[in-house]
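Notebook open, coffee poured. Today I am looking up how one helix packs and what it shows on its outside.

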Amino acid sequence: MELLVTMVANLLAEAAGTVDMASLGAFIGAGIAALTGLGAGVGMGIATGKAVEATARQPEAVGQIRTMLLLGLAFAETTAIYGLLVSLLLIFVA
């Protein structure tokens, strides 16, 4: 792990002059925070697929299924937006 950190620090140092460990940590943290979009996308795909299955099984409940699906998708998208916000803050503020 230390070798990987050293390699990344050397690459960033060559690209930007000098890089301290705090900046390197901020960039790594921003990359990890950006991964929330991946999790949110997978979760939204699974939720949509299950909603389609539920609609196919019980077409009379399509209104309730749609309401619950949209509520769940809003929460998942909010998580992705928070991850993007944290990522941008780490890159530009830290």
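I started with packing: the buried residues of α4 (under 20% relative accessible area, 1.4 Å probe, protein chains only) pack against α2 (21-34) and α3 (36-57). Contact here means heavy atoms within 4.5 Å. Helices are DSSP runs (H or I, at least four residues), numbered from the N terminus. I keep in mind that this is a predicted model, where local features need pLDDT of at least 70, side-chain atom pairs count only at pLDDT 80 or more, and totals for chains, interfaces and linings use all residues. Residues are numbered from 1 along each chain as its sequence is written, and side-chain values use heavy atoms, with hydrogens and water left out.

Next I listed the buried residues of α4: I65, L69, L73, A76, A80, G83 and S87. Residues three or four places apart on an α-helix point the same way, because there are 3.6 residues a turn.

Then I looked up the largest nonpolar core (buried Ala, Val, Leu, Ile, Met, Phe, Trp, Tyr and Cys joined through side-chain atoms within 4.5 Å). Its five residues are A51, A61, I65, L69 and L73. α4 gives the most to this core, with three residues. Leaving out residues up to four places away in sequence, L69 touches A47, T48 and A51.

Last, I turned to L84: buried or exposed? L84 lies in helix α4, and it counts as partly exposed because its relative accessibility is 49%, with that class running between 20% and the over 50% of exposed residues.

Note on methods:
Helices (H or I, at least four residues) and strands (E, at least two) are DSSP runs, numbered from the N terminus.
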